[in-house]
Amino acid sequence: MTSSAFSDRPLKKVILFDVDGTLTPARQAVSRETIDVLRALRKKAVIGVVGGSNFVKISEQLSVHGFPVVEEFDYTFAENGLTAYKLGKPLPSQSFIQFLGEERYKRLVNFILHYIADLDIPIKRGTFVEFRNGMVNVSPMGRNATIEERNEYEIYDKQHGIRTAFVEALKEKFPDYGLTFSIGGQISFDVFPNGWDKTFCLQHVQDEGFEEIHFFGDKTYKGGNDYEIYSDPRTIGHSVTSPQDTVRILKELFPNVLVRHWLTLVIQPTLLPCEWGECKARLNSWKALQEHLRAHCYQGHLWESHDCKIQKCAGRKHGTLQDLQLHVDLSHLSRVHLPCPIQGCNQIFGRHFQVAPHFESNHAELLDTAVEISSSIFRPLRSPKRPTVHKPPEYPLDVTPSFWALEPDSITRTQRTYRAPTSSQSSRKWSRMDAQDTEDEHKEGDQPFEDLPVLDTIYLPEVNEFAVRRKPPETTDGQLSRPQPVIYPLIPEQVPPLSMGYVAFADRFEQLEVADLIDGSGVWPADREQSESPSDK
């Protein structure tokens with residue numbers, strides 16, 4: 001009987017996958033098509049990944065599209081299962097150092113480094129020995145090589161057998177260490193205790209009550225790191241050559257499962273807009289919108305933020321990534337109306353889980369047939385629309401002048417005749433300053449100002465020329481309240497120029513000091529003796 005943790009899976013099978021060369025190209029990320037097929041398969045069966053790399057490297061390759069690797073797979077086995085996770089929770093692990101001992105480990109690493117130092121190969125990079133929790137990874141050229149260098153070395157290694165000769169030398173040098181040397185990937189091989197190969201992970205799944213254990217790998221030949229688990233009697237092995245080959249075999253083994261998956265990608269007659277923050281992407285299906293929003297959630301999780309940024313959302317604050325994703329599914333995605341994707345069917349669903357029963361009752365003939373998503377049976381599929389990027393205006397070829405063209409101040413004004421104030425007017429001015437406010441403002445004898453003459457525009461000269469005035473300099477940041485930057489380094493003070501007689505005076509002053517006639521105190525020696533003589537007496 002299958003474990004209660006997987007009681008909802010119709011197929012009592014577990015399918016395990018190698019990483020490099022099986023799910024992904026060597027040291028590269030998994031493709032969207034592969035992830036979609038694995039997600040469809042996981043709805044019906046239990047899936048897991050078994051890699052020789054450590055958990056960090058496996059996460060880099062499989063934690064894409066916004067989902068951690070422990071959420072994409074039911075089992076995650078890093079370092080052949082020595083670091084293991086089941087449904088996101090860690091399982092007991094083992095240590096290579098505890099098994100081998102520190103002294104033996106040092107002798108092993110010293111021999112490896114001496115052997116690599118004597119190798120004459122075209123390329124050598126960094127990280128020749130990488131210690132992991134349950135094994136040691138050895139690379140004759142170094143793991144810091146680029147993808148192009150890895151591809152070139154793989155061809156070179158197949159021609160000259162560098163790794164094969166290296167493994168034979170280690171077996172001859174350390175026959176009593178109880179170690180297995182397994183060639184894997186493009187540029188390296190693994191060193192681990194006997195029995196700690198990829199079959200080590202089977203102890204975590206063999207007692208779960210699965211009817212079948214499938215394994216997909218590319219290094220299934222003898223000496224490859226997939227050979228032991230591929231040839232183990234407890235597994236059903238599948239040898240593949242690439243991720244595309246893996247997808248092809250999965251579609252052949254589980255055709256109905258994958259067809260049902262594609263049918264649940266309900267095609268929208270109109271594009272679904274993403275309302276997360278300022279994102280303007282538009283998606284073509286409910287599933288695409290769900291993955292898109294989950295990617296937003298995961299990006300926020302990387303910055304330790306679990307706030308829902310969908311417009312007009314009342315429940316923004318959440319404690320964990322899982323709570324935020326559950327909120328998005330229940331509060332936002334559940335409100336998306338879904339039409340039936342079959343041509344001619346006008347049924348519309350208020351909840352996405354209503355689609356499957358509709359197909360079983362109305363389109364059951366399609367569930368057991370291999371129907372491509374591009375078939376004419378379905379409505380036309382719309383591609384996701386990205387935000388339109390408007391082309392900025394072209395930069396003008398002519399240089400914009402940095403001055404303004406203004407008309408000159410050529411308007412003439414009538415000048416008034418200046419009158420000198422009389423003595424009576426001046427005295428009256430000062431007396432009025434001391435007067436009370438109640439006094440009459442206009443006294444007898446006051447002379448009011450004359451009105452300005454009316455300007456006659458007929459006789460104004462015509463303006464035919466422009467005066468050029470420089471535009472005032474603009475501030476760099478537009479904020480004058482900020483202190484202006486200090487010039488650094490500071491401008492040194494200029495030494496004042498010497499007068500014509502200064503050099504002669506300085507020479508003479510130095511001679512007087514040498515003769516002890518002056519000491520720089522400003523008092524002549526003779527005067528000092530006179531001032532000091534009374535005190536001496």
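User: Which residues does the UniProt annotation "binding site" cover in the unreviewed entry that lists Asp residues, and why can they be said to gather at one spot?
Analyst: In this predicted model, the three positions span 201 residues in sequence. No two of their C-alpha atoms are more than 8.1 Å apart, so they gather at one spot. The residues that the UniProt annotation (unreviewed entry) covers are Asp-18, Asp-20 and Asp-218.

User: Where are Asp-20 and Asp-218 found?
Analyst: Asp-20 is found in the loop between S1 and H1. Asp-218, in turn, lies in the loop between strand S10 (212-217) and helix H8 (227-231). Asp-18, Asp-20 and Asp-218 also belong to the lining of one space, the largest cavity.

User: Which residues does Asp-20 touch, not counting residues up to four places away in sequence?
Analyst: Contact here means heavy atoms within 4.5 Å. With residues up to four places away in sequence left out, Asp-20 touches Pro-25, Ala-26, Arg-27, Gln-61 and Asp-218.

User: Which further residues does UniProt list for "binding site", and which cavity has them in its lining?
Analyst: According to UniProt (unreviewed entry), "binding site" is also listed for Arg-27, Arg-132, Arg-143, Arg-150, Ser-188 and Asp-190. Arg-27 is found in the loop between strand S1 (13-17) and helix H1 (32-42), while Arg-132 has its place in the loop between strand S6 (129-131) and strand S7 (136-138). Arg-27, Arg-132, Arg-143, Arg-150, Ser-188 and Asp-190 are included in the lining of the largest cavity.

User: With which residues is Arg-27 in contact, leaving aside its neighbours within four places in sequence?
Analyst: Two of the partners, Arg-143 and Arg-150, are themselves listed by UniProt for "binding site" (unreviewed entry). Leaving aside neighbours within four places in sequence, Arg-27 is in contact with Asp-20, Lys-57, Glu-60, Gln-61, Arg-143 and Arg-150.

User: At what angle do helix H5 and helix H7 pack?
Analyst: Two packed helices are described by the angle between their axes and the distance between the axes. The axes of helix H5 (residues 102-118) and helix H7 (residues 162-173) are 11 Å apart, and the crossing is right-handed. The angle between H5 and H7 is about 145°.

User: How many nonpolar, polar and charged residues does the contact of H5 with H7 have?
Analyst: On the H5 side are Leu-108, Phe-111, Ile-112, Tyr-115 and Ile-116, which meet Ala-165, Phe-166, Ala-169, Leu-170 and Lys-173 in H7. By class, the contact has nine nonpolar, no polar and one charged residues.

User: Is H11 roughly parallel or antiparallel to H12?
Analyst: Helix H11 (residues 286-302) and helix H12 (residues 321-331) pack at an angle of about 150°, and their axes are 10 Å apart. Angles over 145 degrees count as roughly antiparallel. That makes H11, relative to H12, roughly antiparallel.

User: How many nonpolar, polar and charged residues make up the contact of H11 with H12?
Analyst: From H11, the contact involves Gln-290, Leu-293, Arg-294, Cys-297, Tyr-298 and His-301. From H12, the contact involves Leu-321, Leu-324, Gln-325, Val-328 and Asp-329. By class, the contact has six nonpolar, three polar and two charged residues.

Terms used
Residues numbered from 1 in each chain as written. Predicted model: local features only at pLDDT ≥ 70, side-chain atom pairs only at ≥ 80, totals over all residues. Heavy atoms only, no water. Axes fitted to C-alpha atoms, helices over the stretch in contact; angles between N-to-C directions. Helix = DSSP H or I, 4+ residues; strand = E, 2+ residues; numbered from the N terminus. Parallel < 35°, antiparallel > 145°, perpendicular 65-115°, else oblique. Nonpolar A, V, L, I, M, F, W, Y, C, P; charged D, E, K, R; others polar. UniProt positions renumbered as here; feature names shortened; annotations may be inferred. 1 Å grid on protein atoms, 1.4 Å probe; cavity = no way out; pocket = protein on both sides within 12 Å on 5 of 7 lines; lining within 4 Å. Left-handed = near helix turned anticlockwise from the far one by under 90°.
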